[in-house]
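Opening the notebook on a new model today. I want to look at one helix, the cysteines and any enclosed space.

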Amino acid sequence: MNYKLILISCAIFFIAQLMVWFQLNGQFVWKWFDKNPILLSLIGVPISYLFIVATKYGYIGFDGLLWPQRLVVFALGIVSFAFCTYWFLGEALTMKTYVSLALAVTLCCIQVFWKV
């Protein structure tokens, strides 16, 4: 396992997840996003590229395994979604959200630190 590549992969995935949040949910925050869905859809190309690059680094970092990074990406998506939804839309972080975030962090730790 190459922790440096895993960390790089996670950073790229997190940035891509943030970009996806803005692409999809910016319409509820800013009027420009609501009025320009076609232009926003073009942002999907660089986002897809980031996901491809991050997948490559994660695959190498996890010694040729896809499942660990898939679960880490899922968890990173939950964390980024919870943060952005709270910060930009003001949705409260409920106990259910905190438990989900704790489970997401636990899932990441299991995939990265549990030696098989």
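My entries follow, in the order I looked things up.

**Entry 1: helix α6.** I kept in mind that this is a predicted model. I began with α6, which covers residues 95–113, 19 residues in total. I got 26 Å from its first C-alpha to its last, close to the 27 Å expected at 1.5 Å a residue.

**Entry 2: which residues of α6 are buried?** I noted Leu-101, Ala-104, Cys-108, Gln-111 and Val-112. Looking down the helix axis, I found these buried residues within an arc of 95°, so they line one face of α6. On the other side of the helix I have Met-95, Lys-96, Leu-103 and Phe-113 as exposed. Then I checked what the buried residues pack against, and the partners are α1 (3–25) and α5 (67–89).

**Entry 3: cysteines.** Cys-108 had already turned up among the buried residues of α6, so I went looking for disulfides, taken as sulfur pairs within 2.5 Å. The count is zero. Why does Cys-108 have no bond to Cys-10? Its sulfur sits 6.3 Å from the one in Cys-10, the closest cysteine sulfur, and that is too far for a bond. Cys-109 is in no disulfide either; its nearest cysteine sulfur belongs to Cys-108, 6.8 Å away.

I also compared how covered the two neighbours are. Cys-108 comes out at 17% relative accessibility, and it counts as buried because the cut-off is under 20%. Cys-109 has 36%, so I wrote it down as partly exposed.

**Entry 4: enclosed space.** How many cavities of 30 Å³ or more does the structure hold? I found one. The largest cavity has a volume of about 30 Å³. Its lining is made of Ile-6, Ser-9, Cys-10, Phe-13, Gly-58, Phe-62, Gln-69, Val-72 and Val-73. When I sorted these by element, α1 and α5 were the ones giving two or more residues. α1 gives the most, with four residues. Cys-10 thus shows up twice in my notes: in this lining, and as the holder of the cysteine sulfur closest to that of Cys-108. The helices α1 and α5 come back too, since the buried residues of α6 pack against them.

**Entry 5: one more residue of α5.** I looked up Arg-70, which is in α5. Is Arg-70 buried or exposed? It falls in between: partly exposed, with a relative accessible area of 45%. Last, I took the C-alpha separation between Arg-70 and Met-95, which are 25 residues apart along the chain, and got 25 Å. Met-95 is one of the exposed residues of α6 from Entry 2.

Conventions: Residues are numbered from 1 along each chain as its sequence is written. This is a predicted model: local features need pLDDT of at least 70, side-chain atom pairs count only at pLDDT 80 or more; totals for chains, interfaces and linings use all residues. Side-chain values use heavy atoms; hydrogens and water are left out. The expected span of a helix is 1.5 Å times one less than its number of residues. Buried means under 20% relative accessible area, exposed over 50%, partly exposed in between (1.4 Å probe, protein chains only). The arc is that of the directions from the helix axis to the C-beta atoms. Contact means heavy atoms within 4.5 Å. On a 1 Å grid over the protein atoms alone, a cavity is a set of points where a 1.4 Å probe fits but cannot get out, and a pocket is an open set with protein on both sides within 12 Å along at least five of seven lines; lining residues have an atom within 4 Å of a point. Grid points are joined across faces, edges and corners, and a volume is the space filled by probe spheres set on the points.
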